[in-house]
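The following exchange examines one protein model through a series of questions. The sequence and structure are shown first.

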Amino acid sequence: MSTKCPNCGKTVYFAEEVRAIGLSWHARCLKCSQCNKALDAGNINDRNGKVYCKPCYSSVAGLKGFGHGVASESSVSGGASGKATYANAPIEHESALAKGYSDGFADLGSNEQAARNPSSVPAPQLDQPLLPVPRIHSQPQTQQQQRPQQGAPQPATQAPSASTGEEGYSLVNDGDWVYFDINLAMKGKGHGAAALKAILPPADCGFAFWRIVRANVGNSGPDVITEANVVLQYKGPQTNAIKKVKSNTALDAAQKKCPAPYKGFIEVLTNGQNLTDENIFDRWKPGSGSKVIDA
């Protein structure tokens, strides 16, 4: 099932998905909420559900008087009130750091003896800081050591879940498929590319829903299982132009019909030797580039 981009509200498909702060974004929509600068998914600051670049995050969450936020009459070094405040918090909620500075200066200014003897200044009463604590996601060292740096994804070893279509079919194992004609009428089901090629008409178009169940996709780890259903948009090598146009028109309906978890589509222009289980996976996997299988 597709998800909605938190920025534009439109559907995010697998081929264009970028993950950040636990949500799925279009790459073009992942921008700073303040200055609209494009962000890298690996270098994001978030606050109250919004994402920021580092300068804007400092502006939104920073202390006044420390070079962050908007300047005001007060600062740590003095000012009208002698208090340090946050850009988004009232003065009565100052942090322990600011409170220690301002209270200390107030006492020094009113007590000449205390000014000469700093050790007599009362220690500030610490409270909870208002600045958010950066969230650092880490894994146990043992898992990091076990994660492989390279290597081809392996078939899953644990029992996969099943995806069931409205016609009653189930896609369970890696390589399971169900085939529909251009009008999305079910024509057959089976397992493996060899069986699929046997029913593909050379002069017509159709759609196959192909099941992928693999471990270590994108070097995610041998214990991480990826399950995906992919639409194969088949256009036979002898198909005329009118049928190909009709296939493009029907693609959106085929994507919506594909059972969850739907993870993108591949254009298939052949029913020959290049249509194999591994070629289908290679065209689908993240970073593959081309999403076309031809003769």
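The questions below concern a predicted model and turn to cores, a helix and backbone geometry.

Reader: Which residues of the largest nonpolar core touch the most other members?
Author: In general, nonpolar side chains of soluble globular proteins tend to be buried together. The largest nonpolar core here has 20 residues. The residues in it that touch the most other members are Leu196, Trp210, Leu232 and Trp284.

Reader: Which element gives the largest share of this core?
Author: Two or more residues each come from β12 (176-181), α5 (193-197), β14 (205-215), β15 (225-235), β16 (262-268) and α7 (277-284). The largest share is 4 residues, and the element that gives it is β15.

Reader: With which residues is leucine 196 in contact, leaving aside its neighbours within four places in sequence?
Author: Leucine 196 is one of the residues that touch the most other members of the largest core. With those sequence neighbours left aside, its contacts are Trp177, Tyr179, Ala208, Trp210 and Leu232.

Reader: What distance between its end C-alpha atoms does helix α6 have, and what span should its residues give?
Author: Helix α6 covers residues 241-257, which is 17 residues. At 1.5 Å a residue, the expected span is therefore 24 Å. The end C-alpha atoms agree with this, as they are 24 Å apart.

Reader: Where is the kink in α6 centred?
Author: The kink in α6 is about 40°. Among the buried residues of this helix are Ser247, Leu251 and the residue at the centre of the kink. That central residue is alanine 250.

Reader: Against which elements do the buried residues of α6 pack?
Author: The buried residues in α6 are Ser247, Ala250, Leu251, Ala254, Gln255 and Lys257. The elements against which they pack are β12, β14, β15 and β16.

Reader: Which residue caps the N-terminal end of α6?
Author: A side-chain oxygen of the capping residue lies 3.2 Å from the backbone nitrogen of isoleucine 242. The residue that caps this end is asparagine 240.

Reader: Is asparagine 216 buried or exposed?
Author: Asparagine 216 lies in the loop between β14 and β15, and its phi is positive, near 65°. Most residues other than glycine have a negative phi. Its relative accessibility is 6%, and the cut-off for burial is under 20%, so asparagine 216 counts as buried.

Reader: What is the relative accessible area of isoleucine 21?
Author: Isoleucine 21 lies in the loop between β3 (17-20) and β4. Its phi is positive, about 45°, although it is not a glycine. Isoleucine 21 is partly exposed, with a relative accessible area of 31%.

Key. Residues are numbered from 1 along each chain as its sequence is written. This is a predicted model: local features need pLDDT of at least 70, side-chain atom pairs count only at pLDDT 80 or more; totals for chains, interfaces and linings use all residues. Side-chain values use heavy atoms; hydrogens and water are left out. A nonpolar core is a set of buried Ala, Val, Leu, Ile, Met, Phe, Trp, Tyr and Cys residues joined through side-chain atoms within 4.5 Å. Buried means under 20% relative accessible area, exposed over 50%, partly exposed in between (1.4 Å probe, protein chains only). Contact means heavy atoms within 4.5 Å. The expected span of a helix is 1.5 Å times one less than its number of residues. The bend at a residue is the angle between axes fitted to the seven residues ending there and the seven starting there. A polar contact is a pair of N or O atoms within 3.5 Å; within protein, one must be able to donate a hydrogen and the other to accept it, and residues adjacent in sequence count only if both atoms are side-chain atoms.
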